[in-house]
Amino acid sequence: MVGVLIEMKLRVLRHSIGGSRAAGMVLGGLAGLSLAIGTIVLAGLDGAAPPVAADLLAAVFAAWLFGWLLGPVYTGGGDESVRPEHFALLPVRPARLAVGLLGTAFVGVAPLISLVAFGALAVYAADFGVAGFTVALVAIPLQLVMVVALSRLMIGVLGVVVRSRPGAILAALVNASMNVLLNQSWVLVWAAIELDLLQYGLPARLSAVVRWLPSSWGMAAVAAAGRGDWPPAAAALLGLCAVIALALLAWSRLLVRRTTSKPLHRLPHGSATSGPVLDRLAGSGPVGAVVAKELRTWSRDLMRTHLLYFAIFFGLLYPLVPLLIGWRGMLPWAGALVVVMAAATSANVFGLDGTALWLNLVNPGTERAEVRGRQTAWLIRVAPVAVACTVAGTMFGGAGWTWPWALSILAALLGGGAGLIALVSVYLLVPVTEPHRRSGNPLEAGNIFGQVILMMLLVSLTALPAAGVAYLGDRLDLPVVSWLAVATGLGTGAVLAGWFGRLAHRRLAAAGPELLGRIRGGGTVTPGTRQAGLAVGVPGAKLPPGRQALVTFLWIFCWIPLFPQGLVPLYVILDGGPAKLWFLALHLPDPWRVVVAVAFTLVGLVMIYYGTVIPARHERAVRRGEIAVDGRDLAGAG
Amino acid sequence: MHDTDPPGEAAEVGAGPVPALELAGLSKRFGPKAAVDQVSLSVPPGSFYGLVGPNGAGKTTSLSMAVGLLRPDSGHARIFGVDVWADPVVARARVGVLPDGLALPERLTGRELLTYLGRMRGLDRPTAARRAQELLEILELDEAERTLVIDYSTGMRKKIGLATALLHGPRLLVLDEPFEAVDPVSALTIRAMLRAFVSGGGSVVLSSHVMALVEQLCDHVAVIDRGRVAAAGPLDEVRAGGTLEDRFVELVGAEVGERRGPSWLAS
């Protein structure tokens with residue numbers, strides 16, 4: 001059973017790994033491997049006092065455990081290449097199926113990397129003699145099975161919980177917290193340095209928590225065996241087995257529930273869609289009708305609910321993390337962050353609706369109302385939250401001079417965002433699973449990573465004019481000019497929303513069938529592509545693997561020079577903050593601070609430029625017929 | 001892995017032979033709506049049983065509960081006397097199912113899918129491969145050898161679903177709309193296959209909207225309307241002299257004479 005399932009999963013993977021996915025796997029694998037090696041190095045570290053070192057290792061193992069628990073949330077619901085629904089009709093006991101599916105969970109890069117990381121336990125055991133080492137050899141595989149089993153259980157719980165609106169919102173909270181922690185990890189690094197972690201160890205309460213988590217039971221077993229204290233060692237190992245067994249039992253129950261019930265899409269109560277108001281709105285003309293339809297979809301489509309709340313939570317949590325080190329300076333930008341993130345996650349509105357686009361194709365002349373209505377609905381959904389965040393954030397974290405900055409940038413971003421979501425959603429549409437074929441998991445929002453990143457950049461750019469005027473006002477010390485920035489923000493916002501919206505509905509009218517084709521294609525790869533060189537429905541041409549890896553690398557790492565080493569230090573320099581942290585530029589003497597920060601920003605921008613241009617050039621070359629679709633050079637010379 | 005005894009020989013209770021499929025008081029509510037309300041049916045072994053009813057009448061819900069895909073709120077379903085919900089492993093081994101809107105591992109070819117599912121059903125590798133080959137040939141899916149299931153047309157999905165239902169040689173087939181979106185030639189193949197199956201002693205339960213098809217194929221029929229059984233029994237008894245269509249319209253309470261189109265389309 002396990003054998004057949006694993007064989008099946010391998011075959012599915014072989015049919016679905018394309019160039020970019022393979023490159024992502026290699027890069028992700030390398031990143032994970034370096035983390036795993038870091039874990040081993042930490043276990044062998046001599047610098048810290050033994051109890052501190054053990055505490056740190058326990059904390060790192062806890063981090064691996066949480067990585068496994070939250071990973072599925074972060075990566076979109078976990079791997080679903082072999083789903084329990086496929087086997088609903090088989091005469092197999094649920095527990096057996098759970099064991100089989102657990103077996104397939106070990107096929108992949110992540111379990112291998114974790115196995116390497118948990119090898120740290122053997123290094124840790126070096127201090128505990130032969131007995132400790134022997135126990136480590138048993139504990140390492142048990143620990144791996146445990147994290148994988150708990151991870152599967154987590155996916156199972158999500159699969160049931162997340163079918164509801166509260167579940168989608170909860171998942172958004174978890175997802176946003178993860179993202180914020182990753183983005184703001186420099187704060188944690190600072191806190192660790194401030195508290196002198198290596199010297200004094202973790203705070204006592206945190207230390208107790210990580211020592212009680214199942215992730216450190218392996219360590220406890222090793223240490224006990226080293227002392228010759230066998231009962232606790234055996235208890236710790238049996239405890240691991242018990243966790244695995246309980247996780248499997250609970251998971252098999254959930255599998256049965258998942259395959260013998262069906263999600264009910266009830267109308268949400270009190271979901272901010274008061275019927276009569278919207279009905280009156282819908283009666284007010286074509287744009288009003290689209291606005292009403294969109295507002296209802298935003299609250300009824302779990303995926304849209306999830307994305308919207310993700311943006312809100314992200315904007316709210318992001319400025320809160322620096323409060324840990326007593327810095328309030330980010331609070332006024334909460335609203336702006338909500339807008340940027342909401343625009344970034346809403347830039348696929350047409351894709352999210354799937355082939356419902358046909359309704360516009362058979363109703364020529366409705367494109368304008370469709371686009372304008374979507375823009376208005378987005379503003380109605382986002383603007384009030386963003387304004388409230390900005391006002392509250394500036395009251396608590398701003399000064400007199402931040403008001404014109406915060407308000408002008410917010411106005412500019414709202415308008416720019418409303419324009420760009422329309423423009424990008426028709427020009428750079430990403431195919432997503434049809435709404436009626438989704439499993440109810442709001443996490444399967446398609447491969448919108450690149451689109452999200454691009455949108456964050458573009459939307460931020462729309463605030464430049466307003467920010468420029470605000471800067472001028474500060475420089476000249478003229479409050480009138482500062483407040484003129486708000487007018488500028490409103491102006492550029494209105495112009496961009498109008499202009500981009502018009503471009504979008506014209507494009508929708510002109511290229512509707514192509515867009516529909518693209519939605520329908522869904523990026524499927526037919527087997528045998530290597531021989532035939534044909535990719536059904538793949539928009540654009542496939543890059544050769546080497547260049548694809550380069551492009552993926554550029555897109556993943558351009559953010560480091562651009563934001564943390566470029567724009568953030570620039571902001572800190574302008575702001576006059578004393579923090580240096582890992583911002584390279586800030587460690588330099590004065591004329592070089594700005595130069596280095598600007599240089600890093602430029603490096604980031606150049607990386608983005610090439611990340612965009614390489615695929616675009618390749619596609620043009622393919623279209624001109626110089627290169628075959630599979631990347632072979634037909635023209636002879638490059 | 002599972003019980004492979006010919007289920008038709010299972011113990012006979014009381015008077016008649018054990019029904020191939022028996023639904024007893026099945027009910028299911030979705031929120032405030034009773035989708036299926038006390039449905040009881042008995043499918044005699046060796047019969048070709050048609051299930052008809054208007055859209056949303058509860059056919060698919062009833063069949064899902066009958067084969068173990070949707071847990072009923074109350075009532076029982078038995079396959080050759082084995083309770084589907086009390087002993088799912090034995091019950092599932094005896095039935096082949098073509099569900100509505102079925103989930104399949106999309107990124108496998110038809111042959112891969114059949115081979116893997118066959119092996120998960122306990123067939124050895126050569127047997128699984130041989131049966132997959134035969135089914136692909138009969139259903140004319142062998143020409144789409146390099147096509148993934150995700151790229152199959154609606155009709156091809158029906159056919160591959162039917163193939164998965166036949167793979168393990170069950171004595172009862174439960175098929176939800178097997179002819180929907182299937183081309184006429186394939187439909188003839190499937191019909192011939194099902195007829196042969198029934199004359200060999202197998203039992204088929206299928207749901208359909210096409211009255212003529214049910215009349216041609218089935219010897220028993222049940223009419224389901226608003227979650228209840230409106231009529232059930234041998235075909236001739238149910239249609240009572242008229243056509244099945246007339247009887248159906250009469251049972252579900254629609255007045256054909258007063259059917260009308262939208263006012264603005266009437267000339």
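This section describes the predicted model of a complex of chain A and chain B. The predictor assigns the complex an ipTM of 0.73 and a pTM of 0.69. For chain B, the mean pLDDT is 86. In that chain, 92% of residues reach 70 or more. Residues 1–13 of chain B, however, have a pLDDT below 50. Beyond near neighbours in sequence, this stretch still has 21 contacts in the model. Where pLDDT is low, predicted coordinates should not be read in detail.

Chain A is helical. Its secondary structure comprises 28 helices and zero strands. The chain has 638 residues, of which 43% are buried. Among contacts in chain A with a separation of 6 or more, 79% join residues 24 or more positions apart.

Nonpolar packing was examined next. The largest nonpolar core contains 142 residues. The residues with the most contacts inside this core are Leu57(A), Leu121(A), Ala221(A), Val222(A) and Val174(B). The core thus has members from chain A and from chain B. Helix α7 of chain A, residues 129–161, gives the most to it, with 13 residues. The surroundings of Leu121(A) were listed without its neighbours within four places in sequence. Leu121(A) contacts Ala136(A), Ala139(A), Ile140(A) and Gln143(A). It also contacts Gly218(A), Met219(A) and Val222(A). Val222(A) is itself among the residues with the most contacts inside the core. A second core is separate and has 88 residues. Its members include Ala172(A), Leu308(A), Val349(A) and Met455(A).

The contact between the chains takes 29 residues from chain A and 26 residues from chain B. On the side of chain A, helix α1 (residues 2–16) supplies the largest share, six residues. By type, the residues on this side divide into 14 nonpolar, nine polar and six charged.

Chain B contains an open sheet of four strands. The strand order is β2-β1-β4-β5, and the pairing is antiparallel. Strands β2 (33–43) and β5 (82–83) of chain B lie at the edges, each pairing on one side only. Helix α1 of chain B, residues 59–67, packs on the sheet. This helix touches β1, β2 and β4 of chain B. Its direction makes about 120° with that of β1(B).

The strand pairs can be followed across the sheet. Strands β1(B) and β2(B) are antiparallel and share seven bridges. They form a hairpin with two residues between them. In that turn, Gly31(B) has a positive phi of about 60°. Strand β1 (residues 21–30) of chain B also pairs with β4 (residues 74–79) of chain B, in the antiparallel sense, over five bridges. Glu22(B) has bridge partners on both sides. In β2(B) the partner is Ser42(B), and in β4(B) it is Arg78(B). The flanking residues of β1(B) follow the register. Leu21(B) stands opposite Ile79(B) in β4(B), and Leu23(B) stands opposite Ala77(B) in β4(B).

The last pair is β4(B) with β5(B). Two bridges join these antiparallel strands. Ile79(B), which stands opposite Leu21(B), has Val82(B) as its bridge partner in β5(B). The hairpin of β4(B) and β5(B) has two residues between the strands. Here Phe80(B) takes a positive phi near 45°.

How values were computed: Residues are numbered from 1 along each chain as its sequence is written. Chains are lettered from A and ligands numbered from 1 in the order in which they are written. This is a predicted model: local features need pLDDT of at least 70, side-chain atom pairs count only at pLDDT 80 or more; totals for chains, interfaces and linings use all residues. pLDDT is the predictor's confidence in each residue, from 0 to 100. Two residues are in contact if their C-beta atoms, placed from the backbone, lie within 7 Å. Ala, Val, Leu, Ile, Met, Phe, Trp, Tyr, Cys and Pro count as nonpolar, Asp, Glu, Lys and Arg as charged, and the others, Gly among them, as polar. A nonpolar core is a set of buried Ala, Val, Leu, Ile, Met, Phe, Trp, Tyr and Cys residues joined through C-beta atoms within 7 Å. A residue is buried if 20 or more other C-beta atoms lie within 10 Å of its own, exposed if 12 or fewer, and partly exposed in between; C-beta atoms are placed from the backbone. Two strands pair if DSSP finds at least two bridges between them. Axes are lines fitted to C-alpha atoms, for helices over the stretch in contact, and angles run from 0 to 180 degrees between N-to-C directions.
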